[in-house]
Structures are given as structure tokens and as C-alpha cells.
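Thanks for coming. Please have a look at the sequence and the model on the screen before I start.

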Amino acid sequence: MKQQSTLQGVRVIEICNVAAGPFCGMLLADMGADVVKIEPPGTGDTLRSWAPITDGYSENFASLNRNKRSVTLNLKNEADQRLAAQLIAQADVLIENNRPGVMDRLGLGYQAMSQANPKLVYCSISAYGQSGPRSQEGGFDLTLQAMSGLMSVTGETGGAPVKCGVPVCDFTAGLYGAFSVVAALRSAQASGQGTHVDISMLGATLGIAALQTSQFFGTGVDPVKLGSAHPRNAPYQVFRCQGGYFGMAAGNDSLWKSVCDVIGRPDLHADARFANTGLRAANQEALRDILEDIFAGADAATWLHKFRQAGVPCAPINNYSDVLADPQVDHMQWVQDLTLPNGAQTRTFASPIRFDGHTAPVSRRPPALGEHNAEILAELSVRAPE
């Protein structure tokens with residue numbers, strides 16, 4: 001079964017803004033689900049206003065909302081609330097990323113919707129979760145990177161706190177949400193009983209920090225920022241070379257021997273300070289200084305060629321323009337053409353998942369605001385609002 005049809009027949013209602021929820025919805029849409037995005041009239045999802053704007057249309061919005069349909073409903077209006085409730089009553093999944101309590105106040109909370117639709121899988125994505133002492137606090141990716149401990153291990157030793165350049169808390173929550181929805185759908189289809197999935201950005205970000213939390217539980221000592229270095233492995237970081245940098249990871253003793261062979265320093269393999277992974281990690285500053293003195297003799301391309309020939313994992317420090325043009329990305333057909341609602345042509349990074357050796361094409365361009373009002377509301381046998 002090809003990727004684009006794995007969730008065929010599944011109807012998802014999305015009441016979300018910006019990143020975490022829309023990303024969750026898009027992952028399901030990429031798998032073939034019919035995702036109906038409910039947006040406020042006039043403005044729509046606030047991501048629609050984010051640059052870059054191509055002929056009046058946000059490419060940021062386009063990157064998270066392909067394969068969806070858009071309907072505009074004013075959820076502060078009782079008539080539109082009833083329409084939203086009808087759509088949810090006929091759906092398999094509801095995704096929302098409002099602050100806890102908002103959906104209840106709109107009459108669209110889990111208790112009300114599960115009574116109308118017992119099989120409904122209702123996924124709520126929020127900063128801190130649906131209950132608990134912080135549940136009413138708002139949050140954005142920046143504040144969750146700070147709260148979660150992520151900033152404490154990101155950046156150079158002794159440097160100011162910095163965030164990861166990618167909004168990892170938002171997108172990790174979206175990934176956990178989509179995974180949980182699919183798991184809950186299987187249960188709902190078997191039992192006839194849906195569930196309320198509670199996804200928090202804090203929990204999702206802690207979930208992917210398993211190595212850091214286990215280090216603390218095992219030692220009682222907080223992990224610290226090490227730049228690009230690794231706390232338990234070396235050489236395993238970015239190294240300075242002639243005219244720039246490159247990344248190299250010799251993650252075991254065999255690879256370390258290969259490094260010593262490549263640089264012509266068998267004596268380092270025999271050096272007691274570097275005899276095993278733990279010792280190399282403990283003495284990695286001295287090791288880095290030795291290696292960077294050697295790497296200063298040639299540029300990154302030279303060292304990358306040598307290490308690749310020796311089977312040592314290594315990589316250039318790419319910009320996005322570099323990696324998106326990489327032959328591996330081209331082979332996997334991950335970059336695809338995309339038409340915006342105004343007819344402008346752009347490109348997008350499509351789903352990275354392949355089934356049976358195939359990457360799914362984008363099956364539906366991102367929607368204009370309210371583009372599918374008549375179509376979707378006709379499915380409820382009601383007239384679209386003027």
C-alpha cells in the first residue's frame with residue numbers, strides 16, 4: 001500500500017494555528033487522511049501572514065498545510081459553532097492546539113464531542129498539557145526550549161543560552177501527536193471507543209531528551225553544553241580545518257583506528273589517553289587540539305574525501321541551499337514542485353517517508369482561506385454562509 005493511501009477514508013478536523021497542530025495534521029494528510037482545516041474568517045491561521053510572501057501568499061503556511069481543505073467558521077458565533085460540531089460529529093479525528101479550556105468554552109471540548117461521536121480520537125496539543133499547575137500557561141517554541149532543559153545543553157561551553165535553530169518543540173509535539181492519533185485510531189476502530197490524546201510540548205521535548213535525562217538520573221549531575229562535542233564519545237564533533245569546518249564522528253574503537261590511519265598518526269591509537277571510547281571522551285579537549293592541528297593542513301573537502309574513503313562518518317557544514325541540492329535529496333524525490341492558490345510556482349520539502357521505494361507526490365496544493373467552504377458544508381447538506 002502506497003504512502004498516500006494508508007489513511008484513506010479517515011476524516012480529520014483541524015482547529016489549529018501556526019506549527020505544532022498544523023504539522024500534526026499535515027503528517028496525517030500526507031498519509032491520505034482527508035484533513036479539513038477550520039480557520040477564522042478574514043485572517044485564517046496566523047501563519048498565513050508569515051514571510052516569505054510570494055504574490056500575497058505565505059510560503060511558511062504552504063509548507064505546513066499541503067493536502068488539506070480549508071473552511072472558514074467564526075467559532076465565537078453560535079451558528080458556526082454548531083456547524084463545527086456537525087463536522088466533528090462526522091469525523092474520525094479532531095486536532096486542536098488551543099490553550100486548555102478554550103474548546104470547552106466553545107462547546108467543542110472532548111466531553112461534548114465524544115458524546116456526539118463516541119469513536120472520536122480527540123488530540124489536544126498544548127504547551128504544558130491539559131491539566132496540572134502549568135496547564136493554563138501559554139508557551140511558544142522559544143519558551144519551551146528554555147523550560148525543557150534544551151537550552152542548557154545547546155551552545156558553546158560558557159556561552160549565553162541559545163535555542164536550536166529549528167523549532168524542535170513545536171515539531172516534536174506534532175510528531176508525537178500524529179503517532180498517537182494513528183495508534184488511537186486503531187484502538188477506536190476495534191473497540192468503537194475513542195479517546196482524548198493529551199500532547200504537551202514540554203513532555204514531547206523531554207521525551208526526545210532520553211540520553212540527557214538518563215544521564216541525570218544515573219549520576220545526579222546535570223548535563224552541560226559542549227558545543228558540537230559529545231559527552232560520552234570522541235572524536236565526535238565539528239572540527240576546524242583549513243578555511244572552515246567539517247563534522248566527523250568516529251563513534252567506536254574501529255573507526256578511531258581508521259581516523260589514525262587517515263591522518264598518518266598510528267601513535268595516537270596507541271596513546272593511553274585515547275585507548276577506548278570513555279577515555280577519548282574524558283580527554284577530548286586534548287584530542288581535539290591534536291586533530292585540529294593536523295586538520296589545519298587541508299580544507300574540508302580534502303578531509304571529507306579521505307574519511308569517506310576510509311568509511312568514517314563525516315559531513316560538510318551545509319547551508320539549507322546546500323543540502324536541498326544534495327544528490328541524495330534529489331534521489332529520494334523529497335523536493336517537489338508546489339503550486340500556491342494564486343497560481344505562483346514554488347517548491348517544498350515533501351514527506352520524507354517512503355513506502356515500497358516510493359515518495360508520495362503532493363496530492364493537493366495548500367488551500368486558499370475558505371476555499372472549500374461550499375464543498376465541505378455541502379457535505380453537511382447545509383448552505384455555505386454568504
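I will go through the sheet, then a helix that lies across it, then the nonpolar cores.

This is a predicted model, where local features need pLDDT of at least 70, side-chain atom pairs count only at pLDDT 80 or more, and totals for chains, interfaces and linings use all residues. Residues are numbered from 1 along each chain as its sequence is written, and side-chain values use heavy atoms, without hydrogens and water.

The open sheet has 6 strands in the order 5-2-1-6-7-8, with parallel pairing. Strands (E, at least two residues) and helices (H or I, at least four) are DSSP runs numbered from the N terminus, and two strands pair if DSSP finds at least two bridges between them. At the edges, pairing on one side only, are strand 5 (68-72) and strand 8 (195-200).

Strand 6 (residues 93-96) is joined to strand 7 (residues 121-126) by 4 bridges; in one of them, Ile 95 has Cys 123 as its partner.

Helix 3 (residues 78-89) lies across strands 1, 2, 5 and 6, at about 145° to strand 1. Such angles run from 0 to 180 degrees between N-to-C directions, with axes fitted to C-alpha atoms, for helices over the stretch in contact (heavy atoms within 4.5 Å).

Which residues touch the most other members of the largest nonpolar core? They are Val 12, Leu 28, Val 93, Ile 95, Val 121 and Ile 125, out of 44 residues. A nonpolar core is a set of buried Ala, Val, Leu, Ile, Met, Phe, Trp, Tyr and Cys residues joined through side-chain atoms within 4.5 Å; buried means under 20% relative accessible area, with a 1.4 Å probe and protein chains only. Helix 7 (168-191) gives the most to this core, 8 residues. Apart from this core lies another, of 25 residues, including Trp 256 and Trp 303.

Notes
Buried < 20%, exposed > 50% of the residue type's maximum accessible area, 1.4 Å probe, protein only.
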